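The following note sets out comments on the structure shown below. The points run from the overall fold to local backbone features.

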Amino acid sequence: MMLNQKLIERKKAPLRVFESWSLGVKLKDSKTRRLEERIGPMDTATLNKVLRILRRQIREWKVPAVGVVAERAVDRPFETLVSTILSLRTKDKVTEAASRRLLARAPNPEALLSLSLGEIERLIYPVGFYHTKAKNLIGTCRSLLRNYGGRVPRSMEQLLELPGVGRKTANLVLTVGFGDYGICVDTHVHRISNLWGYVATKTPEETEFALRRILPRRHWKTFNDILVTFGQNLCVPVSPWCSKCPIAGFCPRVGLKRFR
Ligand code: SF4
């Protein structure tokens, strides 16, 4: 009886930590460390469970803008490329509306080059850095016509040579536009993968290469959509909603100082 009671108490102990989350308490560093040690870094078996739970959960939330546009742009890499260039440092709703306006007038590189810089700027305004993005879109379309017969290239190296295209954009074009394998790592994917202890990296680029080594290929195409949606709605930056999180029991919250 005594032994059973002790076991029950030991099982209950982690709940005290959960209680402090629900109060919005900032945990002391020592407690955060204990939490990290108790749960430990996430391994692939746990990650599989976590992704299964989140896949169900995110149906309740909206799909990120690039995903929304891309859903209708499967096998249409030009649309994916344009909407991803527009999405950088811009809110989803703004990106979605701007992509629709621009792609309705410019569904291919030739059509986009028939527009003036000012017209493109007016169509995509108010996306962030709209002047730079308009210029990059023109440079990208010129390169597509000059080097690839007006088609979007299907290789990471060639995509990275286009103006305004970084690894995140290139990975999205490959995965969404062409259906190839790639891992698109943005700030949410980088942040959450590290919170889970699944990787221990300093930059999104390091995270991409670490994930390429350990993440099962079947998750590559969906990992971005799941983590971005999760990161926008619940595991938000600065102070995530750990008290409402369906995977809290699996998450060591590596380095997390503040949460609700
Ligand atoms: S919300 Fe909290 S518990 Fe859930 S994944 Fe993010 S950091 Fe972990």
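The numbered points below concern a predicted model.

1. Overall fold. The protein chain contains 14 helices and zero strands. Read along the sequence, its pattern is accordingly α-α-α-α-α-α-α-α-α-α-α-α-α-α. Of the 260 residues in the protein chain, 37% are buried. When contacts between residues at least 6 apart in sequence are considered, 61% of them join residues at least 24 apart.

2. The largest nonpolar core. This core has 55 residues, and the members that touch the most other members are V82, L102, I124, L137, V173 and I192. Two or more residues each are given to the core by α3 (44-57), α5 (77-87), α6, α8 (117-124), α9 (130-148), α11 (167-177), α12 (187-195) and α14 (220-233). Where does the core lie with respect to domain 1 and domain 2? Domain 1 (25-62 + 184-250) and domain 2 (75-177) both contribute residues, so the core lies between them. As general background, nonpolar side chains in soluble globular proteins tend to be buried together.

3. Helix α5. All of this helix deserves attention, because 11 of the 11 residues of α5 are buried and the helix is therefore largely enclosed by the rest of the structure. The buried set comprises P77, F78, E79, T80, L81, V82, S83, T84, I85, L86 and S87. V82 is also among the core members that touch the most others. Just after α5, R89 adopts a positive phi of about 55°.

4. Helix α6. This helix covers residues 92-105, and its 14 residues should span 20 Å at 1.5 Å a residue; the end C-alpha atoms are 20 Å apart, which agrees with that expectation. The buried residues in α6 are T95, E96, A98, S99, L102 and L103. L102 appears again among the core residues that touch the most other members.

5. Surroundings of I124. Which residues are in contact with I124, leaving aside its neighbours within four places in sequence? They are L86, A98, L102, Y130, K133 and A134. Of these contacts, L86 is a buried residue of α5, while A98 and L102 are buried residues of α6.

6. The loop between α8 and α9. P126 is placed in this loop, and the peptide bond from Y125 to P126 is cis, with omega near 10°. F129 is found in the loop between α8 and α9 as well. The phi of F129 is near 55°, a positive value in a residue other than glycine. F129 counts as partly exposed because it has 13 to 19 as the relevant range and its own count is 15 C-beta neighbours inside 10 Å.

7. H131. This residue is found in helix α9. Is H131 buried, exposed or partly exposed? With 13 C-beta neighbours inside 10 Å, H131 counts as partly exposed. H131 and G118 are 13 residues apart along the chain, and their C-alpha atoms are separated by 8.7 Å.

8. The segment after α14. V238 is found in this segment and has a positive phi of about 75°, although it is not a glycine. V238 has 8 C-beta neighbours inside 10 Å and therefore counts as exposed.

9. The ligand shell. There are 13 residues around the ligand, and those that come nearest are C235, P240, C242, C245 and C251. By class, the shell holds 12 nonpolar residues, no polar residues and one charged residue.

Notes:
Residues are numbered from 1 along each chain as its sequence is written. This is a predicted model: local features need pLDDT of at least 70, side-chain atom pairs count only at pLDDT 80 or more; totals for chains, interfaces and linings use all residues. Helices (H or I, at least four residues) and strands (E, at least two) are DSSP runs, numbered from the N terminus. The expected span of a helix is 1.5 Å times one less than its number of residues. A residue is buried if 20 or more other C-beta atoms lie within 10 Å of its own, exposed if 12 or fewer, and partly exposed in between; C-beta atoms are placed from the backbone. A nonpolar core is a set of buried Ala, Val, Leu, Ile, Met, Phe, Trp, Tyr and Cys residues joined through C-beta atoms within 7 Å. Domain bounds come from an automatic or database domain assignment. Two residues are in contact if their C-beta atoms, placed from the backbone, lie within 7 Å. A residue is near a molecule or strand if its C-beta atom, placed from the backbone, lies within 6 Å of it. Ala, Val, Leu, Ile, Met, Phe, Trp, Tyr, Cys and Pro count as nonpolar, Asp, Glu, Lys and Arg as charged, and the others, Gly among them, as polar.
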